[in-house]
There are 4 protein chains.
Amino acid sequence: MSKLPKVTGRDMRGVMAYPPTPALPGAERVDATDTVDLAETERMVRTLIADGVDAIALNGTLGECATLTLDEWKSFAACVAETVKSVAPDFPVFIGTTTLNTRDTVSRMRYLADLGITGTLLGRPMWGFMVGPVMERFYRDVAEAVPELAIVVYDNTAAFGGVIPRSVYRTLVELPQVVAVKYAGGASVGFRYHNDMAHTGTHFPLMPIETDWLPAWEMYGEDLVGMAWSSTTACGPAPVLALRDALRGGRIDDAKWLTERLRWAHEPFLVGQDFMEFSKYNVPLEKIRVNEAGYIHVGKCRPPYTEDLVPEQHVRGTLDHIARYQQVVKEVADRLGRTHTVKE
Amino acid sequence: MSKLPKVTGRDMRGVMAYPPTPALPGAERVDATDTVDLAETERMVRTLIADGVDAIALNGTLGECATLTLDEWKSFAACVAETVKSVAPDFPVFIGTTTLNTRDTVSRMRYLADLGITGTLLGRPMWGFMVGPVMERFYRDVAEAVPELAIVVYDNTAAFGGVIPRSVYRTLVELPQVVAVKYAGGASVGFRYHNDMAHTGTHFPLMPIETDWLPAWEMYGEDLVGMAWSSTTACGPAPVLALRDALRGGRIDDAKWLTERLRWAHEPFLVGQDFMEFSKYNVPLEKIRVNEAGYIHVGKCRPPYTEDLVPEQHVRGTLDHIARYQQVVKEVADRLGRTHTVKE
Amino acid sequence: MSKLPKVTGRDMRGVMAYPPTPALPGAERVDATDTVDLAETERMVRTLIADGVDAIALNGTLGECATLTLDEWKSFAACVAETVKSVAPDFPVFIGTTTLNTRDTVSRMRYLADLGITGTLLGRPMWGFMVGPVMERFYRDVAEAVPELAIVVYDNTAAFGGVIPRSVYRTLVELPQVVAVKYAGGASVGFRYHNDMAHTGTHFPLMPIETDWLPAWEMYGEDLVGMAWSSTTACGPAPVLALRDALRGGRIDDAKWLTERLRWAHEPFLVGQDFMEFSKYNVPLEKIRVNEAGYIHVGKCRPPYTEDLVPEQHVRGTLDHIARYQQVVKEVADRLGRTHTVKE
Amino acid sequence: MSKLPKVTGRDMRGVMAYPPTPALPGAERVDATDTVDLAETERMVRTLIADGVDAIALNGTLGECATLTLDEWKSFAACVAETVKSVAPDFPVFIGTTTLNTRDTVSRMRYLADLGITGTLLGRPMWGFMVGPVMERFYRDVAEAVPELAIVVYDNTAAFGGVIPRSVYRTLVELPQVVAVKYAGGASVGFRYHNDMAHTGTHFPLMPIETDWLPAWEMYGEDLVGMAWSSTTACGPAPVLALRDALRGGRIDDAKWLTERLRWAHEPFLVGQDFMEFSKYNVPLEKIRVNEAGYIHVGKCRPPYTEDLVPEQHVRGTLDHIARYQQVVKEVADRLGRTHTVKE
């Protein structure tokens, strides 16, 4: 009898946080080892859970899957697993296992399953462009190899050189392991989104980014888009969780206000202005904004990515973005009473 | 004292229809002349106005700006001008003047202004990629040259090799001639949309496609996105106009139902599945679907575009799309009583 | 009995010059008319012929096909036709007729044929990406419509969004009107070049740029690549013609030296460093370099293109390029005695 | 005192072979371990050396760097090191260490240095597009970290989403570890090649593919382009080595004949027709052609790549290519007496 994941696509509701991987001082050095700040990792996981996010996804692009050594990745995963076990054993966590081939991914997935982790956040091998049929086989293969591990499919135009074609969704819905898709690109709630959703239905949510959640929710309801992804939660999740609560409570005016404020806060951030330009500097820009926000201390980028080589105007826009976000955090506290942990 | 257009961005409310240019039998021939079906053009304009659309835009990509000779374009524009004058003199019409350079565009714009046409639908010269500063100068130059003509800025990733960068919007809002933007790509209501809108505000609407209108309207309201564009109106506008009325009347449930039905109808159509593939065959696919719908008789493609060389599966998807659309038309009549003219 | 062009692909030997279209003062104005400097046009054609080029191609990208009005294009073509008739009636001239559709191109081709012009330099409609089968029909259609006009097929990755696929060459070799191809991109003498040539053989040359002519000639000989294209001839043709003579004379050492010097002269010019960046500023950069060289006075860019908005470092590189080229001109005069007309 | 590699850029002369990594039966399975056929690896290395290639580069794209597990990669490298040591201790071998980050690459480079391997074939991390300044830091960092290991820089438009910009070459020439560049794309001997070479000079060769070697050699001579890369050598190296000998011996007619025959043999192979399409199927197509040629037995693709999902026409073209290549092998034996080992 085949094992199955502990969660299904229908269980995926609420906000999935996407924080970076905290780094110790010196992580930017080429000769660094054991760069993961495990104490801050534990604190980060505890705090996000305590503050109310519904799931955590780690080690995607901004989660620095690319720059951790295998040993670091294992320590990090073990620390996360232990922390979750001690505070909320059923809390869903998805850890990135994107590598350059199927077997390395399976081996990392097996490691996660043995740790009792809920699932994996999984992009596709990106040495060369992957066509649809190969993508289908890849996801089928890994799901069959580690059937007890849930999969959040990770799509990203810049990282993988294209989007998941519709034909592939037909395969994904057949796999009980697939419980959500981090939907690609900026077009979260338009035309293509609807069309792809027509092929996935309630099997699993095509998660929009939090700033596009309201229109998707209003159109399709909680059964279809009950979960959104949010890397901004790493700057403190209160506004995003307030949005979730407003949606769930049917408080549309609050949801609109929150969406508007979140979008306003993102205006100066490069990601919404020029996604391809952002993707050249995404890891360092994420480190800069999260450290500036102060909710988590994520340290510096591991090589080859580095804050030092980011053009000054992109840094400036990022700092403006966080200044706005801090103001929104305050407004949310004032108007809705929702706060998150503040580091002294 | 400088002349100004008859309309401003704040006047732009409702549905802007984007029909093709009706062609007489033989229009597909290389030696054809005078291929515009002026009788059908007149009937088309009268019918769209009588059926209730709020503006008409002609001679964009699907409106076949590229394949008309200058003489045909002039006859077509004159016929449209005369028809509008006789049935609804203030009805806003925008005719395409996209050419390969500034002076040809100005000369066509002057022709339209002398006909008393409201404005122009205007993309940018596309022989080579146009950078932002050149784009700004281009729009400023043509606006100053023909100040009494309104401009609907036409953006289209596939036709122009990129999107209008945010910096250009800062120039566009300074030009009283610019009254709307046909917003590019599939991402009508996401992140970038909000960011661009933050720079345009209520100066003029960034028009979403009709299937994305509801989420934009709910988020920003009629003052900011009071107008949507719709080429699907050329297949009969009733469902789209029913959506407009539902939005205006605050009947959100109807608006959701209509949006869902319109998106469902578009599922088999290539445009929402793979925009770049669609753009290789967009003109013939539009002809095929409009003729199949039967609301307007638009004839065949003028060369070099041709229905004959479109891959069979794309044609099949288009016919499926129209079969669904016809069903939606019926459902809308049954449920909301809204119909459009049916050709016997 | 069907008419045929005056030249065939086998006649195409030597250097095809690609000069810009001389502009009168004020040509950069939006309200300018009759911007072509016909006196300089006549002088340019006479001088290029007198100095020894073997063919002239006008009104491609750098030849400003996009920015001339139809009337200007006609005056320019008529002036060129008359000049050629008076000095060298059989001298092959190819004038650009690239437009947005088949019929406009045919109508311009007909105009050229009636003037007695040898042929046309012809790209493809670029409002949207053109697939192979449509390309084949396009070239077949125009060849059949004006059978007495020769065609130099113009390929350019940046302008047309891709290259001519190999399948299309099978159609082109069947058309007696096609006498040469201006081969696309930087890869003039590599892998793909050989493969495409395997399908065209001696029907017509796939013209490399002059700096890649030597390796192509050495590999395939005069029968296959007897002609090269050269826009640099507009800066004075002596070094390029010296290269031709060295190749014809079997003076390989001279040909190598000339190729090396020409490549050295081009090093600071943007085109060889980043072709896609160059294509954003190609027309103004060409005007800048040709005016700097002083062999032809080509005036300013017609709108929307403009020298004013070119980034400073690109201008600087262009001036360096011409300083080097002038040095090469001197070296060629000293070593080989080959000179061209020098304007006082 | 800092250690330095055993070779310099000036030592790089001749043909660098690029064979795949031999796979045991069952290598295509997701649960396979130890898939490297070490016996065939040893035979392959011995045979290539005995047959006369001048260097071997392993574990690039076609060399399957992406799909080996770390353990397999280590066994493979150790087997190669031992084989070389026993037959030709100074024979230069370069083994791929491209990973997703700097530290993993350094750690693999350290492993190679400890094995006594000459150098590494090194692309750049490809999770996201890497800008020039990051590229410079990356190569400088790894060179400083393992100074005794030589580096063959690996460029590939499809794998890395762009080419090495000229500015980066200025850094590469300062690093004594960099001994060659596998030059990117199809444009091996054109414009950009010359310009890049102007910045690298005799520091190290920008290696062209073998079919473009002759024109590069004729233009620049052995001092600048004394070495070419050739994955086709994995189908038996005799024709490529005959070309090398003809170039060295100044037998230009033979070199031309060989280049022409090699290009002819490659005509049906997808790589020269559509490089981006080829890059979707490059690993399986390489396996197919090498196995068909029979010089090495490389087995099946490791997952996710697979021969099963390659479109039939691409397979057919590959088989045609090898049929032609086998004919060329025979012609070379007949005309020049050069042969390679034939497996019974």
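**Exercise 1. A proline in a loop**

Task: Place B:Pro304 among the helices of chain B, then say what kind of peptide bond leads into this residue from B:Pro303.

Solution:
- Start with the location. B:Pro304 sits in the loop between α12 (275-293) and α13 (312-336) of chain B.
- Keep in mind that you're looking at a predicted model.
- Now check the bond. Going from B:Pro303 to B:Pro304, the peptide bond is cis, and omega is near 15 degrees.
- Next, turn to chain C. The bond from C:Pro303 to C:Pro304 is cis, with omega near 15 degrees.
- C:Pro304 belongs to the loop between α12 (282-293) and α13 (312-336) of chain C.

**Exercise 2. A backbone angle in chain A**

Task: Find where A:Asn59 lies and work out whether its phi is positive or negative.

Solution:
- Look in the loop between β2 (55-58) and α2 (70-87) of chain A; that's where A:Asn59 is.
- Read off the angle: phi of A:Asn59 is near 65 degrees, so to speak a positive value in a residue other than glycine.

**Exercise 3. The A–D interface**

Task: Describe how chain A and chain D meet, beginning with how many residues each one brings to the contact.

Solution:
- Count residues. Chain A puts in 43 residues and chain D puts in 43 residues.
- Get the area. The two chains bury about 3,800 Å² between them, with 63% of it on carbon and sulfur atoms.
- See who loses the most on the chain A side. A:Val30, A:Arg103 and A:Trp127 lose the most area to chain D, together 25% of what that side buries.
- Look for charge pairs. There are four salt bridges across the interface of chain A and chain D.
- Pick out a bridge between these chains: A:Asp308 pairs with D:Arg137, and their closest N and O atoms are 3.8 Å apart. The cut-off for a salt bridge is 4 Å, so this pair counts.
- Add the polar contacts, which come to 14 residue pairs across the interface of chain A and chain D, both residues at pLDDT 80 or more.
- Ask which elements take part. In chain A, α3 (102-115) and α4 (132-145) each supply at least two residues of the side that touches chain D. α4(A) gives the most, with six residues.
- Finish with the classes: the side of chain A that touches chain D has 24 nonpolar, ten polar and nine charged residues.

**Exercise 4. The A–B interface**

Task: Run through the steps for chain A and chain B, and find how many salt bridges there are between them.

Solution:
- Residues: 28 from chain A are in contact with 28 from chain B.
- Area: chain A and chain B bury about 2,600 Å² between them, and 60% of it is on carbon and sulfur atoms.
- Salt bridges: the count between chain A and chain B is zero.
- Polar contacts: chain A and chain B have ten residue pairs, both residues at pLDDT 80 or more.
- Elements: α7 (191-200), α8 (213-225) and α10 (252-266) of chain A give two or more residues to the side that touches chain B. α10(A) gives the most, with six residues.
- Classes: the side of chain A that touches chain B splits into eleven nonpolar, nine polar and eight charged residues.

**Exercise 5. Chains that don't touch**

Task: Say how far apart the nearest C-alpha atoms of chain A and chain C are, and do the same for chain B and chain D.

Solution:
- Chain A and chain C do not touch, and their nearest C-alpha atoms are 15 Å apart.
- Chain B and chain D have no contact either; their closest C-alpha atoms lie 15 Å apart.

**Exercise 6. A salt bridge inside chain A**

Task: Explain why the pair A:Asp212 and A:Arg263 ties together parts that are apart in sequence.

Solution:
- Start with the pair. The side chains of A:Asp212 and A:Arg263 meet in a salt bridge, 3.0 Å from N to O.
- Locate both ends. A:Asp212 is in the loop between β7 (206-207) and α8 of chain A, while A:Arg263 is in helix α10 of chain A, so the pair links parts 51 residues apart in sequence.
- For the wider tally, the count over all chains comes to 120 salt bridges.

**Exercise 7. Two helix pairs**

Task: Give the angle between α3 and α4 of chain D, then the angle between α8 and α11 of chain B.

Solution:
- In chain D, the axes of helix α3 (residues 102-115) and helix α4 (residues 132-145) come within 10 Å and cross at roughly 35 degrees. The crossing of α3(D) and α4(D) is right-handed.
- α3(D) makes this contact through residues including D:Val106 and D:Met109, and α4(D) through residues including D:Phe138 and D:Val142. By class, the contact has five nonpolar, two polar and two charged residues.
- In chain B, helix α8 (residues 213-220) and helix α11 (residues 252-266) pack at an angle of about 150 degrees, their axes 9 Å apart.
- B:Leu214, B:Pro215 and B:Glu218 of α8(B) meet residues of α11(B), among them B:Ile252 and B:Arg263.

How values were computed: Residues numbered from 1 in each chain as written. Chains lettered and ligands numbered in written order. Predicted model: local features only at pLDDT ≥ 70, side-chain atom pairs only at ≥ 80, totals over all residues. Heavy atoms only, no water. Axes fitted to C-alpha atoms, helices over the stretch in contact; angles between N-to-C directions. Helix = DSSP H or I, 4+ residues; strand = E, 2+ residues; numbered from the N terminus. Left-handed = near helix turned anticlockwise from the far one by under 90°. Contact = heavy atoms within 4.5 Å. Nonpolar A, V, L, I, M, F, W, Y, C, P; charged D, E, K, R; others polar. Buried area = accessible area lost by both parts, 1.4 Å probe. Polar contact = N/O pair within 3.5 Å; in protein donor to acceptor, adjacent residues only side chain to side chain.
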